[in-house]
Amino acid sequence: MKTKLTMMAAALSLSAATFAHDVPQLNAAMIAKIKPGATTKAGVQSLLGSPWRIAQFNDCGHAPPGQADETWDYRGTEASGSYRLHIEFDDRGVARLIAKIPDHVPGGAGTAATIAPADRSGEKMAMKM
Amino acid sequence: MSSNRLARVASGFAVCVLIAIASRTGAQSSSAAAYPPYGPSIPVITNTEGDKGAYNRDLEREPPPGPWDSESLWNMRVEGRDDNQARPIYQPLIVNQNGREILYAGNLAGTALNPLTGVSESNGTSIIDVSNVRRPKFLFHIPGPAPIAGSYAAAGAQMVRVCGGNTLPNASSTGTAGRWYLLRAFGNAGANESHQVWDVTDPAQPKMLTTVISGLSNTHKSWWECDTGIAYLVAGSKSDGWQQSGSAQHVYIYDLSNPAKPVFIRQFGLVGQQPSADVSSAKSCLTAPGENCYEGVTNPPAGVHGPISMGTTVNRVYMPYGVGAQGVVQIDDRLKLVNGCKRSGPGGNPSASLNCATRPTQADLLWPQVSWITMNPENGAHSSMPVYNVPVPEEQTNFVDGTPQSKSLLFVSSEGTANNCFGQAPHDAWLLDISSETTPWPMATLNVPQFPGDFCGKGARFGAHAVTEAIYPPYYGKIISVSWFNAGVRIWDIRDPKNPKPIAYYIQAPNQNTIASCSTINGVTKCFNATMNDYVEYDDRGYIYAADRAGTGITILSLTGEARAATLPASER
């Protein structure tokens, strides 16, 4: 029984360590310094460190109009739960959009994001929602 | 009880258990090893419909999908999942490797932590043992290229093909016997991309074998005939002079029968793409056929996406051009394609030009061409896949000479690339009648409506993408499975090919790994956790693999209900 308890405690501490490693507390003041339309990849990295994940969706290296060239995701936690800080870059390596996206949004409804002024004016999408 | 008798009883019990498991999971045992790309045979399709076909058939009504944050299934069941280390997947391929079912996943560009190494690795090729679908085991990640100047735009390793050395020709003399080989694209759209071969005999310890070709500017989806070794690689190059609009890709054909020693055969593309074409003066081959014309609606024609060869028996290769716009679908004579730059021998062209292999003339490109069909320019040809001799149930008597009628089909899809549908036409899929292959003609449209589901408001891409490429005989000519981005896996019953019916779907729920898709709609910018089914593929047990482009992982599925019944012989339904 004692061995079992020791193993369980070890497993719990290991998972806690993994969780702590995977989901750091992102610094809100640092996040606020990221300005869509101005902050570069190097600037984001100096503020937040390396991202948890980078993704580039495009088949042939070119983003379709109105879409990100590259996205960086950071994991974070706050009182309301875990989230991803989602930053999109254009093909010049400048942030075009930033959003704090909860891991679960009820119903799948979207989350508001801040977008660079140039990208905002470039979108002419109008839909019946 | 003697030990022999015990062994026989135990063996019988094991078989019963396996049958019970297969029956319970909906998977059906059938070897795919004889069919392309592993062998030259084509399954024979029997008519399992009544003589009225599907017209007005009382099918189960399709239920609307659930909310956007939920998983939605119809006539499908989830058997297992793997998170693929949160990497976005382009193409999965499942190979029965000496009795182990190994999933190879080509990943889109980016980087993520590999928990097996503790290192953040550039997205490359994932290798996952899915022998037990309920407990997939991630074996290895072969990293992709490093970023260039801080950008991953040129990275990733999207495409995979695998051949067994015992299937490749001349195994004993080339030393390939007993070994397994992975062909993959290395890089996406930089200036020095390549196609590589890895030895994956031990899938947990892959070893780099050779680079087939490097110095490429665009790689894309290849095809590798395992029984002949002929490989059709898709790429572009800034230095080879080929001309394309949109996606800059054409075909490089290699003999990879000895994967360690690739032998270049030729380059190939659509008429009007060859280096010698005079683009400034070329006219449409439709309205002004001549010695300098272009096929399709744009000059020069759009690049090829991924050839599909049906091997030596059928002797045909299908080439989709255009991806999502300016599409052309071409049917080629395989033997003339592979040997057309030789001046003698089977498939040889006595009039082949001196530089046919690298700088072909228009006549060199026309030599293997059986036919081509131009699509509506709003759509491109992303995927093509033939299904031969599908019985037409309501035409089994009284037509033509009174004999049962059948149709050979070519599935074609156009890739939707816009988020929230905005800025482009709808992208659907079609079944072309290629029974008369010199005059292909559309027979049916496979469409997923935006409602119910509100797929244009859900975020991410909505539209067709790709079709399964593995031939699993019980499904062949019965159902067709198509990836439809945020509308998930979509399956049609095609037993009556003139009346294809939606029969199953699976939409993956987003999770904490899903890469958000963001759009500005009515002046408001929002991000959505939306999955995008990029590819759907079968294994040789009938399991169906849904791969997510948005980093949500792989879902392993089986068919249930009416969808499963559609794949069974009439006597077993």
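1. A residue is called buried here when its relative accessible area is under 20%, computed with a 1.4 Å probe on the protein chains only. The model under discussion is a predicted one, and by that cut-off B:Q362 counts as buried, because its relative accessible area is 9%.

2. The surroundings of B:Q362 can be described in some detail, beginning with its place in helix α5 of chain B, which covers residues 362-366. Apart from neighbours within four places in sequence, B:Q362 is in contact with B:V271, B:Q274, B:G290, B:E291, B:N292 and B:C293. Two of these contacts involve backbone atoms of the partner: a polar atom of the B:Q362 side chain lies 2.6 Å from the backbone oxygen of B:G290, and the side chain of B:Q362 also reaches the backbone nitrogen of B:C293, at 3.1 Å.

3. Turning to chain A, the model gives this chain 4 helices and 6 strands, and their order from the N terminus is α-α-α-β-β-β-β-β-β-α. Chain A has 129 residues, of which 47% count as buried. Among the contacts in chain A with a separation of 6 or more, 39% are made by residues that stand 24 or more positions apart.

4. The size of an interface is often given as the accessible area lost when the parts come together. For chain A and chain B the buried area is about 3800 Å², with carbon and sulfur atoms giving 53% of it. On the side of chain A that touches chain B, the elements that give two or more residues are β1 (53-56), β2 (70-78), β3 (81-89), β4 (95-102) and β5 (111-112) of chain A. The residues of that side divide into 20 nonpolar, 11 polar and 12 charged. In terms of residues in contact, 43 of chain A meet 54 of chain B.

5. As to polar interactions, the rule finds 17 residue pairs in polar contact across the interface of chain A and chain B, counting pairs in which both residues are at pLDDT 80 or more. How many salt bridges does the rule find across the interface of chain A and chain B? The count is 0 salt bridges, and a reader may wish to set this beside the 12 charged residues on the side of chain A that touches chain B.

6. Strand pairing also links the two chains, since 4 bridges join β1 of chain A to strand β5 of chain B (residues 109-114), and these two strands run antiparallel. Within this part of the model, A:I54 stands opposite B:T111, a residue of β5 of chain B.

Terms used: Residues numbered from 1 in each chain as written. Chains lettered and ligands numbered in written order. Predicted model: local features only at pLDDT ≥ 70, side-chain atom pairs only at ≥ 80, totals over all residues. Heavy atoms only, no water. Contact = heavy atoms within 4.5 Å. Buried area = accessible area lost by both parts, 1.4 Å probe. Salt bridge = Lys/Arg side-chain N within 4 Å of Asp/Glu carboxyl O. Polar contact = N/O pair within 3.5 Å; in protein donor to acceptor, adjacent residues only side chain to side chain. Nonpolar A, V, L, I, M, F, W, Y, C, P; charged D, E, K, R; others polar. Buried < 20%, exposed > 50% of the residue type's maximum accessible area, 1.4 Å probe, protein only.
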